[in-house]
Amino acid sequence: MHPALTLVNAGALISWSSLLVHALHPVLGGVGLKDEKAWCIFMALQALMALEVGVITFQRKISIGSLVQTTLGITICLFRVTTVVFALPLLENDLLHKALLAGWAFSDSVRYMALLGKQVAALQVARRLISSVMFALVASCEIWAVWSVLWKTSGGTQHYLKAQLLVTLIGLPIGTYLFLRAARKTNKDK
């Protein structure tokens, strides 16, 4: 791995881990992404994720499988951001705020640990297994959050959130299947 990429991955791991602590620690003030500093870190990390998806897309061979994975990555990134921008400001459930931030942060902390420890087979298997479970849990929380505020919105925002809700509902079993398939494949390679 290139030293610059290692440094970027280490920075992302530290940032996601700090957001995880922020989401779980009751003394840190602020709730989830209502805290401006946490919001800024989150948005910067989502920009990094979008850049990563773009780079990975251009490195992959063109196939149906790579198209599905790229679409899933782009959709996850987009829906995280739109959930934060459109739904979370209207969401009154503080526990759901924390659950979303903790879920996103935990999932990506595990992902960056696995990227930094590519030679550790157990870490790769753990990443795939954790990703398959966390994808289902976090997507379910996103559905709950969007549904909770849907009727507080109107116009274009409401139409977008309805579409996001529908895509997330349809994508939940598909994404979970893809992550489970990747976990089984990684486990068989051991």
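Helices and strands here are runs assigned by DSSP, a helix having at least four residues and a strand at least two. With that in hand, look at residues 70–91 of this predicted model: the span is 82% helix and 0% strand, and its end C-alpha atoms lie 29 Å apart. This stretch also carries a label, since the unreviewed UniProt entry annotates residues 70–91 as a "transmembrane region", along with residues 39–58, 129–151 and 163–180. Take the last of these, residues 163–180, as another example: here the chain is 100% helix and 0% strand, with 25 Å between the end C-alpha atoms.

Now step back to the protein chain as a whole. It has six helices and zero strands, so read along the sequence the pattern is simply α-α-α-α-α-α. Of the 190 residues in the chain, 42% are buried. How do distant parts of the sequence meet? Among contacts between residues at least 6 apart in sequence, 75% join residues at least 24 apart.

Let us follow one helix, α4, and see what it packs against. Helix α4 covers residues 94–116, and one of its partners is helix α1, residues 3–24. Their axes are 8 Å apart and the packing angle is about 150°. Angles over 145 degrees count as roughly antiparallel, and α1 and α4 are therefore roughly antiparallel to each other. Their crossing is left-handed. On the α1 side, the residues making the contact include L13, W16, L20 and A23, while on the α4 side they include L101, A105, Y112 and L115. Sorted by class, the contact of α1 with α4 holds 17 nonpolar, five polar and two charged residues.

Helix α4 also meets helix α5, which spans residues 121–149. Here the axes come within 9 Å and cross at roughly 160°. The same reasoning applies: with the limit at 145 degrees, α4 and α5 are therefore roughly antiparallel to each other. This crossing, too, is left-handed. Among the residues of α4 that take part are L96, L100, V110 and L115, and they face a set in α5 that includes I130, M134, V138 and A145. The contact of α4 with α5 has 16 nonpolar, three polar and three charged residues.

A few single residues help to bring this picture to life. Start with L115, which lies in helix α4. Is L115 buried or exposed? Its relative accessible area is 15%, so L115 is buried, the cut-off being under 20%. L115 and L13 are 102 residues apart in sequence, yet their C-alpha atoms are 9.6 Å apart in space.

Next comes A145, whose place is in helix α5. A145 has 0% relative accessibility and therefore counts as buried. Which residues does A145 touch, not counting those up to four places away in sequence? They are A87, L91, L96 and L100. A145 also lies 7.9 Å from T83, C-alpha to C-alpha, although 62 residues separate them in sequence.

Finally, find Q46 in helix α2, residues 36–59. With a relative accessible area of 1%, Q46 is buried as well. Leaving aside neighbours within four places in sequence, Q46 is in contact with W16, C77, R80 and V81. You have already met W16, which is one of the α1 residues in the contact with α4.

Methods. Residues are numbered from 1 along each chain as its sequence is written. This is a predicted model: local features need pLDDT of at least 70, side-chain atom pairs count only at pLDDT 80 or more; totals for chains, interfaces and linings use all residues. Side-chain values use heavy atoms; hydrogens and water are left out. Axes are lines fitted to C-alpha atoms, for helices over the stretch in contact, and angles run from 0 to 180 degrees between N-to-C directions. Angles under 35 degrees count as roughly parallel, over 145 as roughly antiparallel, 65 to 115 as roughly perpendicular and the rest as oblique. A crossing is left-handed if the near helix is turned anticlockwise from the far one by less than a right angle, and right-handed if clockwise. Contact means heavy atoms within 4.5 Å. Ala, Val, Leu, Ile, Met, Phe, Trp, Tyr, Cys and Pro count as nonpolar, Asp, Glu, Lys and Arg as charged, and the others, Gly among them, as polar. UniProt positions are given in the numbering used here, feature names are shortened, and annotations may be inferred rather than shown by experiment. Buried means under 20% relative accessible area, exposed over 50%, partly exposed in between (1.4 Å probe, protein chains only).
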